[in-house]
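Subject: Handover of a structure and its findings

Dear colleague,

Please find below the structure that I am handing over to you. My findings follow it, and I would be grateful if you read them with the model open.

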Amino acid sequence: RSSVEAGAVPSFARRDSSTNFSIGSSADRVLAEVPVQPSSNGSTAASEAMSNPSASARSSQIDAELDRFRASQAASGKHSGKKNLVLAVCFLGVTVQSTYTGIQVLVQSQLGTTEACCLTAAVLCMNLEFVILKGLVSALTEEEGVKLAGVHEHKLYYQSRATFAWCKLCRQRIGVLTGGHEGFKCKECSNPDGHGAFWVCLLCYRKQLSKSNVAEGILRGDQGPKVIPELTAWQYLLRAIRLCKPFRGTLWIGVACVVITQVSRVVMPNYQGRIINALISQNSLLFMNDIITFICLSVVAMVFGSIQSLAVEIVQRRITVDTRTVMFESLVKQDIAFYDGLMTGQVTSRMTNDVAAVVQPVRQLMNTVLTNLLRLGGGLFMCLFTSWKLTLLASTLIGPIIYLTRIYAIWSRKLSLSIRVNMADANAVATEALRNIRTVRSFGADDMEVSQFKHHMDLSLKSGMKDAYASAGVSAITQYLEFAATILILWYGGIAVLNPAQGEKPDLSIGQLITFNLYWSM
């Protein structure tokens, strides 16, 4: 009772911002379905069109634009299967042709340097052609979105059927009362199942295009809506660099340790091959020199690797603390209107779970991305230095691996966003219910709150399971491709070692074959 008198609104009486349906009482749902009279401010386009010729012309333009959206979506759905089939056939064709060209470079022993370079360039051109083809197909078949300034920060996309969704502007369920079951949805704010999206009905869409006086669903202040410009990846990177200024010395130490560690590890396989060759030739002096050098490189890699781990851990923890501090300072300075349409649980979830997820790439950037880039560059150079023919043969399978990994990364990014959104909504439900526990108990809404919490957690789990299955599938395919590349390397390398040309020095020694295999496995 005290909570109700103080104006606190329990979460079961609010409209959920992520699941597109009202979770209020049964009476509220019944009242929401009662037909209402259109407002006098021109909710019907026909009344405005009769009184104003310019409004009539504008209404005709909106109708033509809607017809174009309908035709575009129908054509996209009709030809989507054909597009995917053509791209799959082209992908398989490029992979087979690249592999065949690489094998021809190895089999044809009479090829000169010019012919070998031309065939190598042909492999690169095949993969480049497929990348350009896919980019053109994606650009020509990309779904057109609408950016409504002052309404939402992302583009809205036309949907021919809105099932169980509410318009975020007029708070009406999209259906007959809103001009039909069509609407516009934000795909950035929804998970792959379509839940949690920002919807706009046809009536509100017409009003926004004709008047441009509706401003909801964005960051608000006491003086009205605040339109936040979208930031590019480069601008986000600059912001992250500014956060690292207080401890840039530690950051540079970590980067230097990464470089030293990876250079040492790139050179080590070369000495492993030399050690094996020294054993085969029974050269004890060369063996001792190479084994001492290998031990020194190993010690350097271990020492600087430990310093690297310490520096990266310090940088990540400092960035986490600074990010949460800056976020809390910004939240405290926001206008009161900012909190009118925001749940406390969503804010606390952003400041705890989401900040941890945002800072996590810092460790991956230094320990994984920078490390892999150095290994890729150094390993590729050493592979070419050891045997350029084996490098060409193995490189024919790099394109498919990169392509499949990129597709999974784009899809996984959407799933990760869905998981974070659902976790934040579940946290919001729990926070609001516990904060207003007296009101919840008074209305007997315990089961309703538990049901809402389970709903969000189930959606988060469902997205996580999809990501797990897709990750396992992509990992299996890439491992099979890597296995095929290893078989090709061992097959040609073994033939080159066992059957050298008559009267000529073998192209590969046993140590070089082992060295190349170690570099390729990096």
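**A buried tyrosine and its surroundings**

Tyr-158 has a relative accessible area of 3%, which is under the 20% limit, so this residue counts as buried. Please note that the model is a predicted one.

Tyr-158 belongs to strand β2, which spans residues 156-159. Both faces of this strand are covered. Leu-156 and Tyr-158 are buried on one side, as are Tyr-157 and Gln-159 on the other.

**The sheet**

Strand β2 is part of an open sheet of four strands, in the order β1-β2-β3-β4, with antiparallel pairing. At the edges are β1 and β4 (199-201), each of which pairs on one side only. Strands of a sheet pair through backbone hydrogen bonds, either parallel or antiparallel.

The two neighbours of β2 may be taken in turn. With β1 (residues 145-146), β2 forms two bridges in the antiparallel sense, and Val-146 is found opposite Leu-156. With β3 (residues 183-185), β2 is joined by three bridges, and these two strands also run antiparallel. Here Tyr-157 faces Lys-185, the residue opposite in β3.

**The aromatic pairs**

A pair of aromatic rings is described by the distance of the centres and the angle of the planes. How many aromatic pairs does the structure hold? There are five. One of them joins Phe-69 and Tyr-158: the ring centres are 6.3 Å apart and the planes meet at 15 degrees, so the pair is stacked. This contact links distant parts of the chain, as Phe-69 lies in helix α4 (residues 53-107) and Tyr-158 in strand β2, 89 residues apart.

Is Phe-69 buried or exposed? Its relative accessibility is 5%, and Phe-69 therefore counts as buried.

Phe-69 also pairs with Phe-184. In this case the centres are 5.7 Å apart and the planes stand at 75 degrees, which makes the pair edge-to-face because the angle is over 60 degrees. Again distant parts of the chain are linked: Phe-69 in helix α4 and Phe-184 in strand β3 are 115 residues apart. Both Phe-69 and Phe-184 are buried.

Through ring pairs, Phe-69, Tyr-158, Phe-184 and Tyr-205 are linked into a cluster. In addition, Arg-68 lies over the face of Phe-69, 5.2 Å from the centre of the ring.

**The second largest pocket**

I turn now to another region. The second largest pocket encloses about 1100 Å³ of space. It is lined by 32 residues, and those closest to its centre are Leu-376, Ile-398, Ile-402, Trp-520 and Met-522. Several helical elements give two or more residues to this lining, among them α5 (113-140), α13 (398-435) and α16 (510-521). Which element supplies the largest share of the lining? The largest share comes from α11, with ten residues; α11 covers residues 344-386. By class, the lining of this pocket consists of 19 nonpolar, eleven polar and two charged residues.

Yours sincerely,

A colleague

How values were computed:
Residues numbered from 1 in each chain as written. Predicted model: local features only at pLDDT ≥ 70, side-chain atom pairs only at ≥ 80, totals over all residues. Heavy atoms only, no water. Buried < 20%, exposed > 50% of the residue type's maximum accessible area, 1.4 Å probe, protein only. Pairing = 2+ DSSP bridges. Phe/Tyr/Trp six-rings, centres within 6.5 Å; stacked < 30°, edge-to-face > 60°. Lys NZ or Arg CZ within 6 Å of the ring centre and 35° of its normal. 1 Å grid on protein atoms, 1.4 Å probe; cavity = no way out; pocket = protein on both sides within 12 Å on 5 of 7 lines; lining within 4 Å. Points joined across faces, edges and corners; volume = space filled by probe spheres on them. Nonpolar A, V, L, I, M, F, W, Y, C, P; charged D, E, K, R; others polar.
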